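Colleague: I would like a close look at a single part of this protein. Please pick one element, describe its surroundings, and then place it in the rest of the chain.

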Amino acid sequence: MKSARPYLALAACLAACLAACATTTPQHAGTAALTTVHAPGRPAHTRAGCPLGRLLPPGVAAAVDYVDFLQLGRTFYLAGPEPIKASQLGSVIAHVRCSLATAEDYRRGAPPIVSGTAAFLAAGSAVYQVHGYLPSCRVAAYMDGKLQVYLAQTTVHHHTAAIPCALHRQPG
């Protein structure tokens, strides 16, 4: 007679996965096609300003992989590949309110994404306007001592893409 343990373990894993899916609402589903980065080893405490995700059932845990994003107002930005210099920065237009990488809690589902939320930028990080671009198109911030540009996104055919003004400098 075969042991039922492997089947019980499989059933437990499936139940945990389904419970996690059923208790969280996906945010920005278009980012699923992008390469994601997980921040293992980051503290699992919640900072002030970070909304909490739904509490998962006892014995269930979830790990969320985030892309490098920033949400300001209704504008969703993704990190861009091109380098940026400090001389290209304008004034500070916002500060990061919530850093999801430092607020990760495996006992909760993905939190709602509100204005001032970033995946990896530290809470309190300044967000700068970039000369030649509207803030609704492109912004920048320091992450780990290096400047990172963020491009405003839109959804095209169920995928995110940079909005045209994020790709081309404004005449002026």
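Modeller: What follows is an account of one strand, its partners, and the links elsewhere in the chain. The model is a predicted one. The part chosen is strand 8, residues 146-156.

Some context is needed to place this strand. The protein has 2 helices and 9 strands, and their order along the sequence is α-β-β-β-β-β-β-β-β-β-α. Of its 172 residues, 37% are buried. If contacts are limited to residues at least 6 apart in sequence, 72% of them join residues at least 24 apart. The protein exposes about 10100 Å², and carbon and sulfur atoms account for 61% of that area.

Strand 8 pairs with strand 7, residues 138-143, in the antiparallel sense, through 6 bridges. Within this pairing, Val139 stands opposite Tyr150 of strand 8. The two strands form a hairpin with 2 residues between them, where Asp144 has a positive phi near 55°.

Strand 8 is also antiparallel to strand 9, residues 159-162, and 4 bridges join these two. Here Gln153 has Ala162 of strand 9 as its bridge partner. This pair is again a hairpin with 2 residues between the strands, and His157 in the turn takes a positive phi of about 50°.

A further partner is strand 2, residues 75-79, which runs antiparallel to strand 8 and is joined to it by 3 bridges. Tyr77 stands opposite Ala152 of strand 8.

Val149 gives a view from inside strand 8. Its relative accessibility is 1%, so Val149 counts as buried. Leaving out neighbours within four places in sequence, Val149 is in contact with Leu78, Ala79, Gly80, Glu82, Ile84, Arg138, Val139 and Ala140. One of these, Ile84, is 65 residues away along the chain, yet the C-alpha atoms of Ile84 and Val149 are separated by 6.5 Å. Val139 appears in that contact list and is also the residue opposite Tyr150. In general, side chains in a regular strand alternate between the two faces of the sheet.

The disulfides come next. The whole structure contains 2 of them. Cys137 and Cys165 form one, with sulfur atoms 1.8 Å apart. At -95° about the S-S bond, this link is left-handed. Cys137 sits in the loop between strand 6 (126-130) and strand 7, while Cys165 belongs to helix 2 (residues 164-167), so the pair links distant parts of the chain, 28 residues apart. Cys137 is buried because its relative accessibility is 1%, whereas Cys165, at 22%, counts as partly exposed.

The other disulfide joins Cys50 and Cys98, whose sulfur atoms are 2.1 Å apart. Its S-S torsion is about 110°, so this disulfide is right-handed. Cys50 lies in the loop between helix 1 (5-23) and strand 1, and Cys98 lies in strand 4 (residues 98-99), 48 residues apart. Both are buried: Cys50 has a relative accessible area of 9%, and Cys98 has 0%. With bonded cysteines counted along the chain, the disulfide pattern is 1-2, 3-4.

Finally, strand 1 (residues 69-72) includes Gln71. Gln71 counts as buried because its relative accessibility is 6%. The side chain of Gln71 reaches the backbone oxygen of Gly73 at 2.9 Å.

Definitions and conventions
Residues are numbered from 1 along each chain as its sequence is written. This is a predicted model: local features need pLDDT of at least 70, side-chain atom pairs count only at pLDDT 80 or more; totals for chains, interfaces and linings use all residues. Side-chain values use heavy atoms; hydrogens and water are left out. Helices (H or I, at least four residues) and strands (E, at least two) are DSSP runs, numbered from the N terminus. Buried means under 20% relative accessible area, exposed over 50%, partly exposed in between (1.4 Å probe, protein chains only). A polar contact is a pair of N or O atoms within 3.5 Å; within protein, one must be able to donate a hydrogen and the other to accept it, and residues adjacent in sequence count only if both atoms are side-chain atoms. Contact means heavy atoms within 4.5 Å. Accessible areas come from the Shrake-Rupley method with a 1.4 Å probe; for residues, only the protein chains shown count as cover. Two strands pair if DSSP finds at least two bridges between them. A disulfide is a pair of cysteine sulfur atoms within 2.5 Å.
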